[in-house]
Amino acid sequence: MTTSLKKSLIEKACESLGILETIEPTAGGLPVSEGDFSKYPPPEQWHDWTEYDASSWPRRQKKNYSIVPTTCFNCEAACGLLAYVDKDSGRVRKFEGNPHHPASRGRNCAKGPATINQINDDERILHPLKRKGERGSGQWEQVSWEEALNDIAGRMHNSLKAQRHNSIVYHVGRPGHEGYAERVIQSWGVDGHNSHTNICSAGARTGYALWHFFDRPSPDYTNAQTILLISSHLETGHYFNPHAQRIVEGMMKGAKLIVMDPRLSNTASMADIWLPTYPGSEAAVLLAMGKIILDEGKYDRQFMETWVNWHDYLQTVHPGDEVTFDNFIRCIKEEYVEFTPEFAAREAGVEAEKIVEAAQHVAEAGTQLAAHNWRSAGSGNLGGWQVSRCLHLLNVLTGSVGTEGGTSPSGWNKYKPKFFDTPPAQKFWNELQYPVEYPLAHHELSFLLPHFLKDGRGELDVYFTRVFNPVWTYPDGFSWVEVLRDESKIKCHIALTPTWNETAYWADYVLPMGHASERHDLNSYETHSAVWIAFRQPVLREFSRREGKEVQFTHEVNPGEVWEEDEFWIELSWKMDPDESLGIRDHFKSPYRQGEKINIDEYYQYIFENVPGLPETAQNEDLSPLEYMRKYGAFEVESSSYAKHLSSVNSEDAEMNEFGQYVRDGKVVAICDNGSAVAGFPTPSKKQEFYSKTMVQWKWEDQTIPGYIKSHIHPDSLDRSKNEYVLVPTFRLPTLIHSRSGNAKWLAEISHRNPVWMHPKTAAHIGLQRSGNLVKVETDIGYFIDKVWITEAIKPHVVACSHHIGRWRRDQDPSGNSWMTCTVKIKEYRDGKWKMELLDMVHPFASDDSDSKRIWWRDGGVHQNITFPVHPDPVSGMHCWHQKVRLSLPGPDEKYGDIQVDTNRSFEIYKEWLKMARPGPGPNGLRRPLWMARTLRPADETYYTD
Ligand code: SF4
């Protein structure tokens with residue numbers, strides 16, 4: 001349907017004055033779709049869409065597009081994108097949102113459309129590169145894919161033949177492929193999956209997993225009455241754009257927003273109640289809210305009586321008491337007696353009245369409490385996992401687990417694809433990833449890898465880093481440099497990356513991988529109370545297909561020889577097993593062509609054919625499931641999803657005990673709910689585990705229930721007379737994403753500095769006069785010198801610095817990401833001392849992109865993470881990011897951007913934190929509880945040490 005544009009009075013006046021050229025709404029122009037904001041072309045016109053080219057204005061130049069859906073690859077949310085492929089040039093001209101994506105619904109944050117910058121980046125890596133000279137020397141030669149594949153596959157073949165399975169490791173930064181790499185790694189038979197999760201979210205995940213196995217919350221913000229957020233979800237949080245739009249929806253419908261954050265973030269500024277809690281005090285505040293709910297009897301008795309393992313608690317902790325729910329309530333009131341609002345207020349440095357007010361909103365929300373913690377407090381503090389455990393306690397008390405407007409377990413809102421082939425679980429346990437010291441670690445101890453290698457715990461034959469930049473993103477980056485350059489510790493390092501990064505400088509191969517519109521992936525995330533899948537597809541490949549040209553490999557249509565991991569892994573795995581003696585090829589044979597190598601279309605064809613409801617929906621349009629996904633880019637598997645713990649299950653041969661648990665062969669298999677056997681939660685008790693027997697069995701008898709652990713940066717640990725403060729280094733900017741957005745010029749123009757946020761009182765104490773003054777920030781292993789931003793938007797005694805900025809290259813490194821990368825000089829002294837100083841700031845440069853000559857900013861920020869020691873939490877294994885720092889004015893010779901680090905000291909600190917761990921094995925010689933999730937789970941027998 002079309003409509004005419006009506007001219008406004010102002011437009012008419014401007015035309016008559018000659019300020020605007022005369023606007024002729026439709027005559028001679030293109031029809032405009034009707035609607036509120038009718039920017040989205042209808043899908044039936046996606047291969048033939050004509051609109052005016054905005055950049056040609058005021059000329060009216062038509063462009064004819066083929067519009068191809070894909071998904072954004074700039075953060076974990078995987079929002080839908082539509083790529084506008086200019087049919088004349090065959091190039092992508094812009095990205096907009098995909099209205100058919102159930103999570104993002106046509107909207108994106110700034111990083112989505114900025115994908116166009118990334119694919120057009122003049123400095124991107126276009127060909128496979130192999131190191132010349134010494135590692136890190138900055139010398140590279142172009143090689144063919146064939147050459148790279150043959151060498152790498154040959155090395156891996158030899159390692160497997162030599163039974164060196166634990167010497168092959170794949171280390172992923174940004175995953176987003178729903179099990180693809182995991183399946184590949186298991187086909188190799190190695191326990192070689194390593195992730196970035198322990199510097200990201202393992203803390204919060206542990207707290208949730210102890211409650212109900214699932215390790216993330218899925219809040220139903222839209223239908224909530226109260227939204228309780230730890231940190232800044234509204235503008236930068238996990239699943240940022242899908243969550244932000246639903247938080248706003250909830251607020252527009254009247255939900256109250258409570259935000260705990262020491263910074264006045266954009267989210268906090270929108271809150272009804274902002275609690276600027278001292279970092280690490282969050283669990284105390286949450287427990288104070290819980291205590292109010294308990295004391296005032298506002299808890300959901302019906303939910304708790306059925307769904308909490310209160311009987312386990314009473315039987316073990318109060319064996320003399322009668323096992324009744326009322327006794328449980330009495331006992332936990334005693335447990336939390338010290339958590340008065342006044343106590344929490346002292347810990348947090350907020351007003352007790354505000355805590356009480358927040359608690360009332362939580363209590364009033366009842367089953368409509370949507371709550372979230374992802375990184376933030378869960379990842380900043382020693383014991384951060386208790387923050388999410390205490391946050392979820394409020395969901396349990398209010399009965400808002402899995403309800404409309406409440407908070408569901410993540411797994412209920414996420415689709416798991418069915419693969420054409422599932423390799424058997426590997427028969428190896430790699431202690432470099434899951435060491436004995438951390439039996440409960442939620443994910444791999446990835447940030448300790450350099451120390452483990454230095455400690456002589458192993459060596460790597462083949463090490464893949466995949467969209468992963470630990471030298472820059474992780475703490476203690478110089479320790480990474482020390483092991484990455486050491487060929488006796490890492491024999492072959494392959495960096496799979498779309499752009500140059502600080503880790504790739506120390507690779508043997510740098511293999512260019514595609515951005516969002518240049519690759520295949522399957523996405524599904526718990527963005528809201530539904531289940532969906534989305535298809536990231538290489539848009540020029542789909543465009544070619546629409547134009548009648550078949551493509552064998554995605555690198556044929558991508559810029560240069562840029563490829564994608566999906567096809568790379570198929571080819572590599574095939575080559576690893578030339579004589580089929582390793583059994584790897586069996587897992588890469590087509591389900592449709594017997595004995596032949598699978599291709600990427602067949603891989604997704606099989607998955608989509610097995611998505612419930614998709615074949616039927618596709619059939620309605622006379623499409624195959626794969627064709628449907630190529631056309632729309634997304635599919636909603638379930639439109640709403642609540643209360644899955646109430647799914648019926650078979651309780652045959654099981655006996656029901658007095659607590660409503662059906663028990664078969666000593667294991668709880670179901671729960672009785674209103675006389676029916678239902679699935680419950682996948683914990684040992686099948687209930688919400690307020691009391692964790694697992695923690696008892698694994699030597700954490702003192703941490704069995706939601707509690708408060710004083711953080712390593714608790715005020716008691718800081719000496720104010722020495723100007724010791726807490727540095728919060730974890731907050732995201734809405735416009736950047738770790739080290740990956742450095743080649744997006746629009747984003748770099750918006751955000752390219754990371755000054756230290758500091759309250760005026762703190763600044764005055766240090767002697768800083770104004771924003772822009774330099775401050776020396778000393779950590780336990782070194783220091784960095786940054787500018788200060790003096791603002792009341794941060795709590796006194798707390799300073800904060802965003803972690804996206806401070807990119808660098810050395811003189812010898814290839815240019816890349818020049819929009820926000822400074823050139824540095826790195827000096828290495830004896831005894832593990834390293835120094836970095838700025839040689840050159842960001843500046844205009846010549847390229848095919850005329851904008852590169854227009855760069856007006858010089859600042860590229862300061863790399864703070866490299867000055868942080870590792871802080872492994874002894875339970876979750878999470879790196880506890882917050883730092884105790886000493887603030888001072890720099891000396892006369894100290895300059896902006898100076899960095900100094902002592903890696904010997906960082907090794908000592910690694911050992912100090914290691915002593916806090918309570919190593920396994922646990923019961924029956926187990927390395928880890930069998931019921932807890934483990935990335936790429938190996939065979940059960942490997943869980944036993946003997
Ligand atoms: S929130 Fe932004 S960066 Fe993340 S996937 Fe969506 S559009 Fe991309």
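Here are some friendly notes on this predicted model, taken point by point.

1. **Overall build.** The protein contains 28 helices and 36 strands. Its C-alpha trace spans about 85 × 75 × 70 Å along the principal axes. For 946 residues, a compact globule would have a radius of gyration near 30 Å, and the 28 Å found for the protein agrees with that.

2. **Burial and contacts.** Of the 946 residues, 64% count as buried. Among contacts with a separation of 6 or more, 71% come from residues 24 or more positions apart. If you build a contact map, that share of long-separation pairs is the number to have beside it.

3. **The ligand shell.** Which residues surround the ligand? The cysteines there are Cys-72, Cys-75, Cys-79 and Cys-109. Alongside them are Asn-74, Ala-77, Ala-78, Asn-108, Lys-111, Gly-112 and Asn-241. By class, the shell divides into 6 nonpolar, 4 polar and 1 charged. Please keep in mind that cysteine is counted as nonpolar and glycine as polar in this split. Cys-79, a member of the shell, is buried, with a relative accessible area of 7%.

4. **Cysteines and disulfides.** How many disulfides does the model contain? The count comes to 0, with a pair of cysteine sulfur atoms required to lie within 2.5 Å. Cys-880 makes a clear example: the closest cysteine sulfur, in Cys-200, is 14 Å from its own, which is too far for a bond. Cys-880 is also buried, with a relative accessible area of 0%.

5. **Helix 4, an enclosed helix.** Is helix 4 (residues 180-188) enclosed or open? Because 8 of its 9 residues are buried, helix 4 is largely enclosed by the rest of the structure. The buried residues are Tyr-180, Ala-181, Arg-183, Val-184, Ile-185, Gln-186, Ser-187 and Trp-188. In an α-helix there are 3.6 residues a turn, so residues three or four places apart point the same way.

6. **What helix 4 packs against.** The buried residues of helix 4 pack against both helices and strands. The helices are helix 3 (145-161), helix 21 (565-576) and helix 22 (600-609). The strands are strand 9 (168-172), strand 10 (193-194) and strand 17 (462-466). Just after helix 4 comes Gly-189, whose phi is positive, near 80°.

7. **Strand 13 and its two partners.** Strand 13 (residues 256-260) is mostly covered, with 4 of its 5 residues buried. Strand 12 (residues 226-230) runs parallel to strand 13 and is joined to it by 5 bridges. Within that pairing, Leu-228 has Ile-258 as its bridge partner. Strand 14 (residues 273-275) also runs parallel to strand 13, through 3 bridges. Here Met-260 is partnered by Leu-275.

8. **An antiparallel sheet.** Strands can pair either parallel or antiparallel, through backbone hydrogen bonds. An open sheet of 4 strands, in the order 23-24-25-26, shows antiparallel pairing. Its edges are strand 23 (655-656) and strand 26 (676-678), each pairing on one side only. Strand 23 is joined to strand 24 (residues 661-664) by 2 bridges, and Met-656 finds its bridge partner in Tyr-662 of strand 24.

How values were computed: Residues numbered from 1 in each chain as written. Predicted model: local features only at pLDDT ≥ 70, side-chain atom pairs only at ≥ 80, totals over all residues. Heavy atoms only, no water. Buried < 20%, exposed > 50% of the residue type's maximum accessible area, 1.4 Å probe, protein only. Pairing = 2+ DSSP bridges. Near = heavy atom within 4 Å. Contact = heavy atoms within 4.5 Å. Rg over C-alpha atoms; globule rule 2.2 N^0.38 Å.
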